[in-house]
Amino acid sequence: MHLHYPAALAALLAGIGLYGVLARRNAVLVLIGVELVLNAANLLLVTVGSQPGSPLATGPVLTLFVITVAAAEVCIALAIVLVMFRRFGHVDLTAVPDLGDDHGDDDDRDDHDDARDGAGAVTPAAPASPTAATGARP
């Protein structure tokens with residue numbers, strides 16, 4: 001097989017992956033774009049490593065290393081995406097203000113300070129209608 005076809009396919013995969021990383025706001029789609037770029041690199045490594053005269057078959061060995069790193073990267077990234085979804089209800093990367101603890105919001109900090117001091121205790125919200133408080137059906 002000629003080297004041009006796998007190289008062209010790798011370039012196509014890398015281009016699609018870069019488009020996914022740069023143009024998408026959804027974290028899962030960005031992650032898929034990163035995986036496409038890594039798979040393009042794997043394809044190129046295997047192609048070059050399978051050529052006659054390649055010493056020590058370094059292409060396939062490096063491909064195994066890239067697959068291992070990609071698996072670890074996917075595990076960590078999916079955990080972050082899951083935390084984002086549980087915390088914010090979406091996985092839009094442009095709308096996430098902070099992934100840390102509640103240090104960024106002053107209102108939340110004031111509520112925690114008041115709760116520690118014993119002042120400003122939070123009372124449960126009033127029911128929306130009088131029938132909801134009694135449990136009676138209208």
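Just after helix 3, Gly89 adopts a positive phi of about 85°, and this residue is a convenient place to enter the structure, which is a predicted model. The helix that precedes Gly89 has 31 residues and reaches 44 Å from its first C-alpha to its last, close to the 45 Å expected at 1.5 Å a residue. Its buried residues are Gly59, Thr63, Val66, Ala70, Ala77, Val81 and Met84, and these buried residues of helix 3 pack against helix 2. As a general point, an α-helix has 3.6 residues a turn, so residues three or four places apart point the same way.

Seen as a whole, the protein chain contains five helices and zero strands, and from the N terminus on its elements run α-α-α-α-α. Of the 138 residues in the protein chain, 17% are buried. The chain exposes about 10,100 Å², and carbon and sulfur atoms supply 67% of that area. Among the contacts in the chain with a separation of 6 or more, 42% are accounted for by residues 24 or more positions apart.

Helix 2, against which the buried residues of helix 3 pack, has 23 residues and reaches 33 Å between its first and last C-alpha atoms, close to the 33 Å expected at 1.5 Å a residue. The residues buried in helix 2 are Ala27, Val30, Leu31, Gly33, Glu35, Ala40, Asn42, Thr47 and Gly49, and what covers them includes helix 1 as well as helix 3.

The UniProt record, an unreviewed entry, lists residues 6-22, 29-49 and 61-85 under "transmembrane region". In the model, the span of residues 6-22 is 100% helix and 0% strand, with its end C-alpha atoms 24 Å apart. Residues 29-49 are likewise 100% helix and 0% strand, and here the end C-alpha atoms lie 30 Å apart.

Where do the N-terminal part of the chain and helix 2 meet the surface? Leu3, Leu44 and Val48 make a nonpolar surface patch of about 230 Å². Of these residues, Leu44 is found in helix 2, and it counts as partly exposed because its relative accessibility is 37%, which falls between the 20% and 50% limits for buried and exposed residues. Val48, another member of the patch, is 41 residues from Ala7 in sequence, yet the two are 9.2 Å apart in space, C-alpha to C-alpha. Ala7 itself lies in helix 1 and is partly exposed, with a relative accessible area of 32%.The structure holds one salt bridge, formed by Arg25 and Asp92, whose closest N and O atoms are 3.9 Å apart. This pair links distant parts of the chain, 67 residues apart: Arg25 sits in the loop between helix 1 (4-23) and helix 2 (27-49), whereas Asp92 sits in the loop between helix 3 (58-88) and helix 4 (106-117). In general, side chains of opposite charge can pair when their charged atoms come close. The separation of 3.9 Å between N and O atoms counts as a salt bridge because the cut-off is 4 Å. Arg25 counts as exposed, because its relative accessibility is 52% and the limit for exposed residues is over 50%.

Definitions and conventions. Residues numbered from 1 in each chain as written. Predicted model: local features only at pLDDT ≥ 70, side-chain atom pairs only at ≥ 80, totals over all residues. Heavy atoms only, no water. Salt bridge = Lys/Arg side-chain N within 4 Å of Asp/Glu carboxyl O. Helix = DSSP H or I, 4+ residues; strand = E, 2+ residues; numbered from the N terminus. Buried < 20%, exposed > 50% of the residue type's maximum accessible area, 1.4 Å probe, protein only. UniProt positions renumbered as here; feature names shortened; annotations may be inferred. Expected span 1.5 Å × (residues − 1). Contact = heavy atoms within 4.5 Å. Patch = residues over 30% accessible without salt bridge, like charges linked within 9 Å, V, L, I, M, F, W, Y side chains within 5 Å. Areas by Shrake-Rupley, 256 points an atom, 1.4 Å probe, with all protein chains shown as cover.
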